[in-house]
Amino acid sequence: DAVEKFVVDMRGRGQIPEDIRMAKDANEAISEADIICAATTSSTPVFADASLKPGVHINGVGSYTSEMQEIPSESVGRALVSVDSHSAALAECGDLAIPMKMNLISKEDIHEIGEIIAGKKPGRSSENQVTFFKSVGVAAQDAVAGRLAVANARRMGLGLQVEL
């Protein structure tokens, strides 16, 4: 019921298209997605690797302990993997630790996003390559991203300002 209400409330709001609808499950939701954002507290993957389309980009925000995993190991193993902080991601993140234990990726396969932006590490090698950005949260980056999100929401007429 909450998802149906959300869909109705968001449909056509600001720059959100009228064609917003509810999927029956996570695999249906991601099957045609260009970008997937996973922000869960799941200890097991929340979708199947086989449901990903070529060239999809995945953002992983959950999985904040070495035992938690919201992204399938197979997806991580075949993706170009980038992180906000190499040391923090290796210390905290099951989405990386578990595929490393399975020998699907190594430390050398994980790049800080700044290295890619600066041209020190290669980015996507083809339009069909799956990419995965794992965020563990760097306070300064979070503050800048939050400020940008609020500015964009105001510009687009989205959101509701509340007094705390």
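Modeller: A strand here is a DSSP run of E, at least two residues in length, and strands are numbered from the N terminus. By that reading His 111 is found in strand β4. The model is predicted.

Biologist: What is the mean pLDDT of the chain, and where in the chain is confidence lowest and highest?

Modeller: As a general caution, where pLDDT is low, the predicted coordinates should not be read in detail. Here the mean pLDDT of the chain is 92, and 100% of its residues reach 70 or more. Helix α4 (residues 86–92) has the lowest confidence, at a mean of 84, while helix α3 (residues 73–78) has the highest, at 97.

Biologist: In what order do the five strands form the sheet?

Modeller: In general, strands of a sheet pair through backbone hydrogen bonds, either parallel or antiparallel. In this model the five strands make an open sheet, with the order β1-β2-β5-β3-β4 and parallel pairing. β1 and β4 are the edge strands, each pairing on one side only. From one strand to the next, the twist averages 20°.

Biologist: Which residues are bridge partners in these pairings?

Modeller: Take the pairings in turn. β1 and β2 run parallel and are joined by four bridges; Cys 37 has Asn 59 in β2 as its bridge partner. β2 also pairs with β5, in the parallel sense and over four bridges, and here His 57 has Thr 131 as its partner in β5. β3 and β5 pair in the parallel sense over four bridges as well. In that pairing Leu 80 has Thr 131 as its partner in β5.

Biologist: Are the residues on the two faces of β5 buried or exposed?

Modeller: The cut-off for buried is under 20% relative accessible area. Both faces of β5 are covered: Thr 131 and Phe 133 are buried on one side, and Phe 132 and Lys 134 are buried on the other.

Biologist: Back to β4: is His 111 buried or exposed, and what does His 111 touch?

Modeller: The relative accessibility of His 111 is 10%, so His 111 counts as buried. Leaving out residues up to four places away in sequence, His 111 touches Leu 80, Val 81, Ser 82, Val 83, Ile 116 and Lys 121.

Biologist: Which residues have the most contacts inside the largest nonpolar core?

Modeller: The general idea is that in soluble globular proteins, nonpolar side chains tend to be buried together. The largest nonpolar core in this model has 20 residues, and Ile 36, Ile 58, Leu 96 and Phe 132 have the most contacts inside it. β1 and β3 (80–83) are the elements that give two or more residues to this core. For Ile 58, with residues up to four places away in sequence not counted, the residues touched include Ile 36, Phe 47, Leu 52, Ile 71 and Phe 132.

Biologist: Why is α5 described as largely enclosed by the rest of the structure?

Modeller: Because six of the eight residues of α5 are buried. The buried residues are Gly 94, Asp 95, Leu 96, Ala 97, Ile 98 and Pro 99. Their cover includes α3, β3, α4, β4 and β5. As for placement, α5 lies across β3, β4 and β5 and runs at about 125° to β5. After α5 comes Asn 103, which has a positive phi, near 60°.

Biologist: How many salt bridges does the count come to?

Modeller: In general, side chains of opposite charge can pair when their charged atoms come close. With a cut-off of 4 Å from nitrogen to oxygen, the count comes to five salt bridges. One of them joins Lys 5 to Asp 9, with the closest N and O atoms 2.6 Å apart. These two are four residues apart in helix α1 (residues 2–10), which means that about one helical turn separates them. Lys 5 is exposed, at 53% relative accessible area, and Asp 9 is partly exposed, at 36%.

Biologist: Which salt bridges join parts further along the chain?

Modeller: Arg 78 forms one with Asp 49, the closest N and O atoms being 3.0 Å apart. Arg 78 lies in helix α3 and Asp 49 in the loop between β1 and β2, so this pair ties together parts 29 residues apart in sequence. Arg 78 counts as partly exposed, at 40% relative accessibility. Another salt bridge is formed by the side chains of Asp 95 and Lys 134, at 3.7 Å from N to O. This pair links distant parts of the chain, with Asp 95 in helix α5 and Lys 134 in strand β5, 39 residues apart. Asp 95 and Lys 134 are both buried.

Terms used. Residues are numbered from 1 along each chain as its sequence is written. This is a predicted model: local features need pLDDT of at least 70, side-chain atom pairs count only at pLDDT 80 or more; totals for chains, interfaces and linings use all residues. Side-chain values use heavy atoms; hydrogens and water are left out. pLDDT is the predictor's confidence in each residue, from 0 to 100. Buried means under 20% relative accessible area, exposed over 50%, partly exposed in between (1.4 Å probe, protein chains only). A nonpolar core is a set of buried Ala, Val, Leu, Ile, Met, Phe, Trp, Tyr and Cys residues joined through side-chain atoms within 4.5 Å. Contact means heavy atoms within 4.5 Å. Two strands pair if DSSP finds at least two bridges between them. Axes are lines fitted to C-alpha atoms, for helices over the stretch in contact, and angles run from 0 to 180 degrees between N-to-C directions.
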